[in-house]
Amino acid sequence: MVAKEDLDSRIFNTINIILLFIFTVIIVVPLWNVIISSFSSGKSLAEGGFIFWPKEFSLENYRAVFQDESILQSFFISISKTFIGVVTHVFFCAMVGYGLSKRYIRGRKLYVAMGVITMFFSGGMIPTYLLIKSLGLLDSFWVYIIPALYSFYDVIILMNFFRNVPDSLEESAKIDGAGDWRVFLKIFIPLSMPAMATIALFNGVGQWNDFMTTKLYITDQALYPLQMKLYEIIVQSQTQSMQNIGGSAIIETTTKGVQLATIVITTLPIVVIYPILQRYFISGMMLGAVKE
């Protein structure tokens with residue numbers, strides 16, 4: 001009986017390993033093709049097909065990207081809006097979550113109910129645009145920051161985390177003369193780093209990949225983030241491809257190479273940051289799973 005169970009377990013583990021390998025190959029191979037193609041010359045890209053290793057290694061695509069001042073400006077905008085947006089979003093949601101975690105707050109249930117409603121219903125695109133316009137946020141850098149300050153989903157995560165902090169810590173701090181702000185900044189913030197890092201990771205990825213905000217509310221190209229620049233490159237590539245059917249493939253190939261290089265540059269920061277925050281992400285996913 002034991003031998004049969006051991007055999008079944010080995011078969012199950014072998015199948016899992018095979019499926020994991022297949023799934024990994026499905027993900028890694030296209031990424032590898034994009035990265036290697038971005039280092040290929042225009043002639044190699046013109047030949048088409050899958051490129052496992054560049055026939056003609058070239059850095060011209062990356063030179064073209066970094067020589068374009070508009071792309072460097074877009075890169076700066078993306079970094080700025082992601083950093084400022086993540087810091088302000090996490091801190092604002094932490095403040096709201098800290099307040100709602102206190103059961104003695106008057107009207108707490110009403111505030112929670114109002115927040116839950118916002119998770120399922122929104123005003124829609126046109127009312128949101130009119131609101132942004134009335135606030136004077138059109139063609140403003142702050143349109144990336146202020147509307148993204150609040151997410152009740154993140155508030156719920158932090159609120160439940162704050163509830164698990166022992167009341168004795170807060171009581172002892174207040175006996176020593178600490179106020180609510182000091183308790184929040186010195187006790188609750190340090191203890192909630194796994195939850196805050198998880199929220200920062202999700203919000204940071206969302207901020208970095210967002211281009212719809214730019215498309216809807218920004219017309220000043222000086223405020224274009226990197227994702228919007230990538231969107232423009234893709235659109236221009238498709239337009240030039242249609243205009244050059246039957247003609248020279250040089251323009252199409254050059255644009256494709258710049259497009260691939262921009263994709264790699266856009267993806268690289270997230271790929272680097274994610275492993276650093278992975279341990280916080282795993283801890284954050286377990287929030288609320290174990291209760292005292």
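Is D139 buried, partly exposed or exposed? D139 counts as partly exposed, because its relative accessibility is 36%. This value, like the others here, comes from a predicted model.

**Overall fold**

The chain has 13 helices and zero strands. Along the sequence, the pattern is therefore α from start to finish: α-α-α-α-α-α-α-α-α-α-α-α-α. The chain has 292 residues, and 34% of them count as buried. About 18500 Å² is exposed, with carbon and sulfur atoms supplying 68% of that area. Among contacts with a separation of 6 or more, 71% join residues 24 or more positions apart.

**The cores**

The largest nonpolar core has 25 residues. Those with the most contacts inside it are A94, L158, F162, V183, F184 and F188. Four elements give two or more residues to this core: α4 (69–100), α7 (152–163), α9 (180–191) and α10 (193–209).

L158 shows the packing in detail. Setting aside neighbours within four places in sequence, L158 is in contact with V90, C93 and A94. L158 also contacts A195, M196 and I199.

Another core lies apart from the largest one. This other core has twelve residues, including L137, Y217, L223 and Y224.

**Helix α9**

Which residues of α9 are buried? They are V183, F184, I187, F188 and I189. An α-helix has 3.6 residues a turn, so residues three or four places apart point the same way. The cover over the buried residues of α9 includes α4, α7, α8 (167–175) and α10.

The length of α9 also fits. With twelve residues at 1.5 Å a residue, α9 should span 16 Å. The C-alpha atoms at its ends are 15 Å apart, which agrees.

**Three residues compared by accessibility**

The cut-offs matter for the classes below: buried means under 20%, and exposed means over 50%.

| Residue | Relative accessibility | Class |
|---|---|---|
| T82 | 13% | buried |
| D139 | 36% | partly exposed |
| K133 | 51% | exposed |

T82 is found in helix α4. What does T82 touch, not counting residues up to four places away in sequence? The residues are G204, Q207 and W208. T82 counts as buried because its relative accessibility is 13%.

K133 lies in helix α6. At 51% relative accessibility, K133 counts as exposed. K133 and Y217 are 84 residues apart along the chain, yet their C-alpha atoms are separated by 8.4 Å. Y217 is also one of the residues of the twelve-residue core.

D139 sits in the loop between α6 (125–134) and α7. Its backbone stands out. D139 has a positive phi of about 55°, although it is not a glycine. Most residues other than glycine have a negative phi.

**The largest pocket**

How much space lies in the largest pocket? The volume is about 890 Å³. The pocket is lined by 30 residues. The closest to its centre are T128, P147, A148, Y150 and T213. The elements that give two or more residues to the lining are α6, α10 and α11 (212–217). Of these elements, α10 also gives two or more residues to the largest nonpolar core.

Key
Residues are numbered from 1 along each chain as its sequence is written. This is a predicted model: local features need pLDDT of at least 70, side-chain atom pairs count only at pLDDT 80 or more; totals for chains, interfaces and linings use all residues. Side-chain values use heavy atoms; hydrogens and water are left out. Buried means under 20% relative accessible area, exposed over 50%, partly exposed in between (1.4 Å probe, protein chains only). Contact means heavy atoms within 4.5 Å. Accessible areas come from the Shrake-Rupley method with a 1.4 Å probe; for residues, only the protein chains shown count as cover. A nonpolar core is a set of buried Ala, Val, Leu, Ile, Met, Phe, Trp, Tyr and Cys residues joined through side-chain atoms within 4.5 Å. The expected span of a helix is 1.5 Å times one less than its number of residues. On a 1 Å grid over the protein atoms alone, a cavity is a set of points where a 1.4 Å probe fits but cannot get out, and a pocket is an open set with protein on both sides within 12 Å along at least five of seven lines; lining residues have an atom within 4 Å of a point. Grid points are joined across faces, edges and corners, and a volume is the space filled by probe spheres set on the points.
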